[in-house]
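Okay, thanks for having me. I'd like to walk you through some aromatic contacts and a couple of pockets, so let me put the structure up.

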Amino acid sequence: MTTRLADIAAQAGVSEATVSRVLNGKPGVAATTRQSVLAALDVLGYERPVRLRQRSEGLVGLITPELENPIFPALAQVIGQALTRQGYTPVLATQTPGGSTEDELTEMLVDRGVAGIIYVSGLHADTTADMQRYERLRAQGVPFVLVDGFSSKVQAPFISPDDRAAMSLAVTHLVSLGHTRIGLALGPKRFVPVQRKIEGFVRTVQDQLDLGAETVEKEFVQHSLYTLEGGQAAAAALIGRDCTAVVCASDMMALGAIRAARQLGLDVPKDVSVVGFDDSPLIAFTDPPLTTVRKPVPAMGQAAVRTLLEEIAGTPAPHSEFVFMPELVVRGSTASAPGERNRS
């Protein structure tokens, strides 16, 4: 105990007697000093005495579609930390194939009395889904915020990246490198972010390469799954149509595109350039390091929490969409368009 007191005192820059007063809940210690001692406890990995632990303001549910794509854990971490700083306890609920559905996870969280729910890439992004589920949730008095996806049928705050601008950034970059046959690999068309990416892609290719919209969507857009294997299949099809560059709707798909190019005996970026989307953790360390469009995860996560807490407090933000600008990050997977290539 004496060693621990000395460590905490040194970390906080106070006397051991002051540390003892704080740990025992005694009066006569300034609020800032008390906070310094508690922060020192946290930094050194000591558990706070029960009497000093902040009482949780309540539980907040976070529902994500899966955790295999590293962008979802990254977003969950930002949201979880922001909630914790505000005194709430985050509860992560993840959908898995064959496991609980979004509706079942929602019911479970509501049964546990959550103060609110944040949905990431949920059914609100699926244009074929029944949006009445969210109105029923609102009727139960549960505040919620929806991330990645938009529906005019739901009265709630939405947090989204600008998917159209993301595609414009990617295509403009590739055109500047001399590419004229650029493909887009992305998920099923029923999802709102997919539709928006197609709109941004088609419009930018039209404007910069003077191609007809129908031609662009028919020849240069390939739907698949949001997985490495999905990206591989989509990129193989696009490369088969003589695309020298492939824009992917996720970094996982982009890694699949690189694999597809290599299996065809092509080099990335010498023969085929690849652009991802998200800028997931560790994606800068792939081979080659991936050029990608960075999703503004910290800003989106913090906005989702801030908006939800306003809903919980009874001072809701406008029930509209808050759109965040992405950023192009140029690394080693894009290069000048190749000249004549020998094809097997």
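So, Y119, Y134 and F144 come together as one aromatic cluster. Before I go on, please keep in mind that this is a predicted model.

Let's take the cluster pair by pair. The count of aromatic pairs comes to four. In one of them, the ring centres of Y119 and Y134 are 5.5 Å apart and the planes sit at 85°, and since anything over 60 degrees goes down as edge-to-face, that's what we call this pair. Where do Y119 and Y134 sit along the chain? Y119 is in strand β3, residues 116–120, and Y134 is in helix α6, so this contact links distant parts of the chain, 15 residues apart. Both Y119 and Y134 are buried.

Now the other contact that Y119 makes. Y119 and F144 also pair edge-to-face, with 6.3 Å centre to centre and 90° between the planes. Here we've got strand β3 on the Y119 side and strand β4, residues 144–147, on the F144 side, so the pair ties together parts that are 25 residues apart in sequence. F144 is buried, as is Y119.

Two of those cluster residues turn up again when we look at pockets. Y119 and Y134 are both among the residues that line the second largest pocket. That pocket has a volume of about 210 Å³. Its lining also includes E102, D103, E107, R133 and R136. Which element gives the most to that lining? It's α5, with six residues. α5 covers 102–111, and along with α6, at 132–139, it's one of the elements supplying at least two residues each. By type, the lining splits into six charged, four nonpolar and two polar residues.

Just past α5 there's R112, in the loop between α5 and β3. Is R112 buried or exposed? The relative accessible area is 55%, and the cut-off for exposed is over 50%, so R112 counts as exposed. If you want a feel for distances across the model, R112 and T204 are 47 Å apart, C-alpha to C-alpha, with their positions 92 residues apart in sequence.

Okay, on to the largest pocket. Its volume is about 1,000 Å³. There are 37 lining residues, and the ones closest to the centre are P65, E66, F72, S121 and Y226. The elements that put two or more residues into the lining are α4 (71–85), α8 (192–209), α10 (228–240) and β9 (273–278). α8 gives the most, with three residues. As for chemistry, we have 18 nonpolar, 11 charged and eight polar residues in the lining. Which domains does the lining draw on? At least three residues come from each of domain 2, which is 58–161 plus 296–326, and domain 3, which is 163–294.

Last topic, charges over rings, for anyone who's thinking about cation–ring geometry. K197 lies over the face of F277, 4.1 Å from the ring centre. The other example I've picked is R4, whose charged end sits over the ring of Y46, at 5.4 Å from the centre.

So, if you look at one spot again, make it Y119: it belongs to the aromatic cluster with Y134 and F144, and it's also in the lining of the second largest pocket. That's me done, happy to take questions.

Notes:
Residues are numbered from 1 along each chain as its sequence is written. This is a predicted model: local features need pLDDT of at least 70, side-chain atom pairs count only at pLDDT 80 or more; totals for chains, interfaces and linings use all residues. Side-chain values use heavy atoms; hydrogens and water are left out. On a 1 Å grid over the protein atoms alone, a cavity is a set of points where a 1.4 Å probe fits but cannot get out, and a pocket is an open set with protein on both sides within 12 Å along at least five of seven lines; lining residues have an atom within 4 Å of a point. Grid points are joined across faces, edges and corners, and a volume is the space filled by probe spheres set on the points. Helices (H or I, at least four residues) and strands (E, at least two) are DSSP runs, numbered from the N terminus. Ala, Val, Leu, Ile, Met, Phe, Trp, Tyr, Cys and Pro count as nonpolar, Asp, Glu, Lys and Arg as charged, and the others, Gly among them, as polar. Domain bounds come from an automatic or database domain assignment. Rings of Phe, Tyr and Trp (its six-membered ring) pair if their centres lie within 6.5 Å; planes under 30 degrees apart count as stacked, over 60 as edge-to-face and the rest as tilted. Buried means under 20% relative accessible area, exposed over 50%, partly exposed in between (1.4 Å probe, protein chains only). A charge sits over a ring if NZ of Lys or CZ of Arg is within 6 Å of the ring centre and within 35 degrees of the ring normal.
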